[in-house]
Structure formats: structure tokens, C-alpha cells
Amino acid sequence: MRAMAEDAVATDYTYGDVARIPAFRSLWLGDFASQTADRMAFVAITILAYGESTSSLGVSLIIGAYFLPALFVSIPGGVSADSYASRTVMVAAESVRVLIVILMALVGVDLLLIAMVLAFSSLTYFFYPSRQASIPCLVPEGALMPANATISANLILGFTVGPLMAGIIASTYGAEAALLTAAVVMAVGVVIISSIREPSICNAARIEEESGWSSLSEGLREIRRHPALWQGFILVVFVMLAVGAGSVGLVVYGDVDLQMGEEGFSILLASLAAGTLMGAILVGRVDPSMPRGRLLIVAALLSGSMLIGLSQVDTVPLALVVMFAVGFAAALVLVPFTTLLQERLGDTVMGTGFGMLSMGLTAPILVGIAIAGPFIDLRGVLDLFIFLGILLLVVGVMSLVTSSLWKGSRQR
């Protein structure tokens, strides 16, 4: 099934072992360029939208256009990953995104800008499932956890480097210059990813079996066949709902409860990002024999406890420590569940599985964002944290008692 997994199933692969695999190293570097350029473009687009409309409505429309495609494009993007070579899909999607970013820099009309943002964001959901589906073909099965942790770290690194670069360039030379720089960075990523040489067995599976939209129904059957997958997916949905609602709450919490002012939100997010990065680094060193679902349950219980604890914190240093712990728990959700999908799903439906995951990550975040505002107006931000904490504790305990996640199994 897997090109390299058949050679050996390692018991303890290190980050150094993963980094020495040329194809994976190219994937990581190309993805880092993509993540960084994506965040640069998002910041520059937001600045451009506000500058042209001089209203928060224009900014809201742009942000909505950036996130909305996840609900509609994730599944088609996953199906494409099962129908074509992963490298081909990634290079094609990123190449078109480069052209769109250049167009956005040259044409800054509101309605056209929104249409371009929709197209730009939609292509992201073709890139993501192909990237994740390619990893099991590039590294041994026992190295999936450190490989996924390394790729997940790009999300945090991109969020750190991209906005900083875009802000500096936009303030000095304008948002258009920041967009053109993002296009250059993304183009570098395209060149790097195009150099990847996937083992032929990775593409053979797509040819040997029926592909296309039939992979959607087959992917659903695969997920139903493995209780750990759908049980883990349910747990991930609740965690992401808490992430969406909690992010809204942090804006109010940092400004009002901690008296940090408007910049409080960014400081709290920085601590959260640091915890997520540390969690991703450490989870990649977990013993491969440990059931992945066990980490999901620990993450839900830890997140719930920390959110309840956050409601009782009124000092900035302690709040930063708690946010670090919440970020750490977030890494215990995404990296293990990504690995679980790669271990359990067949090669011909893996892209579809990650398309479903992409939609499953975004939809509950949007729901959480939608309910957080009315909840805070009615009960206050501290009660929101308590509610979310209790919700995650209940879901974690129920998963511990009623699901197969804790015991787990590595059978395919």
C-alpha cells in the first residue's frame, strides 16, 4: 500500500530522520512558503479592502469570502486528491493562486476583489488534502507523527512570519507591494513542490481502483468502518466549536477583564500559538504504539479544564500560561487525528477523508463564532469560558467511557 511503510515500521523516528528524507523536506519547505504567503496575502487583502471601502463592512465581506469556501470546496478538493497525483494538484492550485494574488495587487475594485478572494481561498482546499494525502507516500508509517507535527508547525510559523512581513511591507510600500511579495514567496513554494518525486506506487493506487466522485461514498464507508475515525471526528468537531467561540471571547476578555487594551487579543493569541507550536513539537516524539485517540481525549479534557480555569484568572501572566496550555492541547488534537486518518484510510480515499476533515474543522469554528457574540451579550465572557470548558469535559469523559478511542488499535 505505502511506498516506504513496507520497508519498515519504525518504533522511534526522530525529526532528524524525517528531515533527511529529500521528498518530505521539499514538501515541508514548499508548504512553509505557501503558509507564509497565504498569511501575507490575507493581511494585505484586509488592508487593501479597508483602504478602498473605508468601512468595516468591506473588511467583513473579505474575511467572510476568505473562510466561506471551506464549506463548499473541501470535498471536491479532497476528491481531486484521490483522482490525480498529489504533486500535480498542489502545483496547479498554487500556480493559479500566484496569478490571483498578482491580479489582486493590480486590480483593487471591491466586488472584483471579493470574487478573487473567493477563488484564492477555494484553491487552498485543493492544496491541503493533496498535501496530507502525499505524506504517507513520502515517509515510513512509523514516522507519520513527527512528519505531521513538522507540517503542522508550518501553520504557526506562517502565522508568525507572514503577517509580520506583510505589515512591514504594506506600511512602507503599500498593500499592493505586500501582495506582490506574497506572490513571489508562493511562487518559490511552487518551484520547490514541483521538485518532489513521488514514488510511483503512490499514483498506481489511483489508477488501479475506481476514482472520482465514487471516492466520496467509499471514503464515508471507510470512516464508518473504523469507529475510532468517526468517534475522533465528533470529538474534533466539539473542540473546533470551542476554538471558534473562544476566539471571540478572547477579544473581550483581554480588553475588559484583563485590562490589556485592544492589543490584549493579539498577546493572548501569541501565547496560544507558542503553546500549539510546543505541543506539535512534543507530540511528534510520542511513542508510535500509543493509540492516537487517547491523545484526543487528553486534549479535550485538558482544554476543558484550562477554559474553566481561564474564567477564574484575572492576572495577565497567569492568563498567558493558561493560553499556552490551551494551545498545547490544540496540537494534541490535530496532529494525532491527522495521523489516525493516514493510518486507517486507504490510499484511494485519503484525499476525500482530508477534504471532509477540512470542512469539519471550519464549519464548527464558524458556528462557534456565530454563537459567541449573543452568548457574551447575555451571560458574559467568563460564563462563555465555563460553558465551553464543561462542554469539552463532558465530551472528553463520554469519549473515554463509551468510545474505542482510549484503547485504540493500529489495525488497517
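**Nonpolar patch**

I looked up which helix gives the most to the nonpolar surface patch; helix α16, residues 381-402, does so with three residues. The model I am reading is predicted. I listed the patch members: V298, V397, L400, V401 and W406. Together they make about 420 Å² of nonpolar surface.

I then picked out V401, which is found in helix α16. Buried or exposed? V401 counts as exposed because its relative accessibility is 64%, and the cut-off for exposed is over 50%.

**Helix α13**

Next I checked the length of helix α13, residues 292-310. It has 19 residues, so at 1.5 Å a residue it should span 27 Å. I found its end C-alpha atoms 27 Å apart, which agrees.

I went on to the buried positions of α13. They are R292, G293, L295, L296, I297, A299, A300, S303, G304, L307 and L310. What do these residues pack against? I noted α7 (144-173), α11 (227-257), α12 (264-283), α14 (316-344) and α16. Helix α16 thus appears in two of my entries: it packs against buried residues of α13, and it contributes three residues to the nonpolar patch.

**N154 in α7**

I stayed with α7 and looked up N154, which is found in that helix. N154 counts as buried because its relative accessible area is 0%. Which residues does N154 contact, leaving aside neighbours within four places in sequence? I recorded W28, D31, F32 and Q35.

**Q259 in a loop**

I turned to the loop between α11 and α12, where Q259 lies. Its phi is near 55°, a positive value in a residue other than glycine. For context, most residues other than glycine have a negative phi. I also checked the accessibility of Q259. The relative accessible area is 64%, so Q259 is exposed.

**Salt bridges**

How many salt bridges does the structure hold? I noted seven. As background, side chains of opposite charge can pair when their charged atoms come close.

I opened D17 and R20 for inspection. Their closest N and O atoms are 2.8 Å apart, and the two form a salt bridge. D17 counts as partly exposed because its relative accessibility is 28%. R20 has a relative accessible area of 59%, so R20 is exposed.

Then I took D38 and R97. Their side chains meet in a salt bridge at 2.8 Å, N to O. This pair links distant parts of the chain, with the two positions 59 residues apart in numbering. D38 sits in helix α2, residues 22-53, and R97 sits in helix α5, residues 86-106. Both D38 and R97 are buried.

I followed R97 to a second partner. The side chains of R97 and E94 meet in a salt bridge at 3.0 Å, N to O. Both residues lie in helix α5, three residues apart, about one turn of the helix. Buried or exposed, for E94? E94 counts as buried because its relative accessibility is 2%. R97 counts as buried because its relative accessibility is 1%. I closed with the network: salt bridges that share partners join D38, R39, E94 and R97 into one.

Definitions and conventions: Residues numbered from 1 in each chain as written. Predicted model: local features only at pLDDT ≥ 70, side-chain atom pairs only at ≥ 80, totals over all residues. Heavy atoms only, no water. Patch = residues over 30% accessible without salt bridge, like charges linked within 9 Å, V, L, I, M, F, W, Y side chains within 5 Å. Areas by Shrake-Rupley, 256 points an atom, 1.4 Å probe, with all protein chains shown as cover. Salt bridge = Lys/Arg side-chain N within 4 Å of Asp/Glu carboxyl O. Helix = DSSP H or I, 4+ residues; strand = E, 2+ residues; numbered from the N terminus. Buried < 20%, exposed > 50% of the residue type's maximum accessible area, 1.4 Å probe, protein only. Expected span 1.5 Å × (residues − 1). Contact = heavy atoms within 4.5 Å.
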